[in-house]
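Have a look at the model below and keep it open while you read. We will take some of the words used for such structures and ask how each one is earned.

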Amino acid sequence: MIETSARLLKLLTLLQSPRDWTGAELAEKLQVSPRTVRSDIERLRSLGYPVDATRGSVGGYRLGAGAALPPLLLDDDEAVAVVIGLRKAAGIAGVEEMSLRALTKLEQVLPSRLRRRVNTLASFTVQVPPDEPGPQVDPELLTQLAALCRDREQLRFDYLSHSGSPTLRRTEPHRLVNWGRRWYLVAFDLERQDWRTFRVDRVRPRIPTGPRFGPRELPEGGDVAAYVSRRVSAAAWRYRASVTVAAPAAVLAEQLTPAVGTIEPIDERSCLLQTGSDTVQSLAVHLALLDVDFVIQDGPPELTAYLDRLAERYRRATSS
């Protein structure tokens, strides 16, 4: 009986993986006959686990969706990874409480060997806290927005702009992005006929949702993370500059992340960089780190003055 119970647990673990298992594959994994596999499948079904079966050369077994959550069976590495992920999620605004509840339940059932691994990792790992706490986001709102992205349903919502002005938006939601301590919705704005990025904590959906829409080509060639990174960084810049750089656009793009700015080719040997920063000091140092000649085409006078002071300081430092 003990051997049979252990085999059923192992069979349940295999069936939870996102694939179909043939009877022969399961028999080999469990080191039993195909007849025993069929018998074990029936035992699982009698216990309430919906095991789906398909016929044919590519058919097999897999665990279907059921009314009850089956036991969560994790190997050692998977259990450690889940605990680490929950501890990090406990610092994400809007999901802290749920993450801590799940983390408490999981840590209570961890065997001592795994608890030691997790605690050792936590003791000798330093996580840099954010400069400021993130805004609270309702997990139910995240779930609702994700479902609209999946089902391709239009969404109308009230939105507070960066200046605090209320607006009504009509959009086609496509992706949710977690960037830093904030959540963003990437959607196609139907009134402006262009892609926009919206902070989820400022979104107030209106019910009912709109009609379904067809797929669109996502911005940045489908690299939504790069699109959000660039938009969010640019919105936070206090100082902006247009800079002609003596390097091909492709070469410069390999050095910079999307958050730094946009690059437009001028000719085979130069390009135009649109960039910025929250201080002229960091902007000047960043331009120096490009290690190529550059010319400020348009920028704040504070940047020009600081570059002059920096150049004079370097000259004095090397005059001896």
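Q: What makes the sheet with the order β6-β5-β4-β3-β7 an open one with antiparallel pairing, and which strands are its edges?
A: In this predicted model, five strands make up the open sheet, and their pairing is antiparallel. The edge strands are β6 (194-199) and β7 (203-206), each of which pairs on one side only. From one strand to the next, the twist averages 50 degrees.

Q: How do you know that β5 and β6 pair?
A: Two strands count as paired if there are at least two bridges between them. Strand β5 (residues 182-189) and β6 have six bridges, so they pair, and they do so in the antiparallel sense. You can find single partners in the model: Leu-185 has Phe-198 in β6 as its bridge partner, and Phe-188 stands opposite Trp-195 in β6.

Q: What makes β5 and β6 a hairpin, and which residue in the turn has a positive phi?
A: The two strands form a hairpin with four residues between them. In that turn, Gln-193 has a positive phi of about 55 degrees.

Q: How do you know that β4 and β5 are partners too?
A: The same test works here: at least two bridges are needed, and eight bridges join β4 to β5. These strands run antiparallel. One place to look is Pro-173, whose bridge partner in β5 is Ala-187.

Q: Why is β5 described as largely enclosed by the rest of the structure?
A: A residue is buried when its relative accessible area is under 20%. Seven of the eight residues of β5 are buried, so the strand is largely enclosed.

Q: Which helix lies across this sheet, and at what angle to β4 does it run?
A: Helix α7 (residues 139-151) lies across β3 (155-160), β4 (166-179), β5 and β7. Its direction is at about 90 degrees to that of β4.

Q: Which strands are the edges of the sheet with the order β9-β10-β8-β11, and why?
A: This open sheet has four strands, with antiparallel pairing. β9 (261-267) and β11 each have a single partner strand, so one side of each is left without a neighbour in the sheet, and they stand at the edges. On average, neighbouring strands here are turned by 30 degrees against each other, direction ignored.

Q: How do you know that β8 and β11 pair?
A: The cut-off is at least two bridges, and four bridges join strand β8 (residues 239-245) to β11, with the strands running antiparallel. Look for Ser-242, which has Asp-298 in β11 as its bridge partner.

Q: Which strands does α10 lie across?
A: α10 lies across β8, β10 (270-277) and β11. To β10, the helix runs at about 150 degrees.

Q: Why are α10 and α11 called oblique to each other?
A: Helix α10 (residues 280-288) and helix α11 (residues 301-318) pack at an angle of about 60 degrees, with their axes 9 Å apart. Roughly parallel would need an angle under 35 degrees, and roughly perpendicular begins at 65. The angle fits neither range, so the pair is oblique. The crossing of α10 past α11 is right-handed.

Q: Which residues meet where α10 packs on α11, and how do they divide by type?
A: From α10 come Val-280, Gln-281, Leu-283 and Ala-284, which meet Glu-302, Leu-303, Tyr-306, Leu-307 and Leu-310 in α11. The residues of this contact divide into seven nonpolar, one polar and one charged.

Q: Why is Val-280 called buried?
A: The limit for buried is under 20%, and Val-280 has a relative accessible area of 9%, so it is buried. Val-280 is in helix α10. Beyond neighbours within four places in sequence, Val-280 is in contact with Tyr-239, Glu-302, Leu-303 and Tyr-306.

Q: Why is Gln-31 called exposed?
A: Exposed means over 50%, and Gln-31 has a relative accessible area of 74%, so the word fits. Gln-31 sits in the loop between α2 (23-30) and α3 (34-46). Its phi is positive, about 60 degrees, although Gln-31 is not a glycine.

Q: What makes the peptide bond from Ile-207 to Pro-208 cis?
A: Its omega is near 0 degrees. Pro-208 is found in the loop between β7 and α8 (224-236).

Key
Residues numbered from 1 in each chain as written. Predicted model: local features only at pLDDT ≥ 70, side-chain atom pairs only at ≥ 80, totals over all residues. Heavy atoms only, no water. Axes fitted to C-alpha atoms, helices over the stretch in contact; angles between N-to-C directions. Contact = heavy atoms within 4.5 Å. Left-handed = near helix turned anticlockwise from the far one by under 90°. Nonpolar A, V, L, I, M, F, W, Y, C, P; charged D, E, K, R; others polar. Buried < 20%, exposed > 50% of the residue type's maximum accessible area, 1.4 Å probe, protein only.
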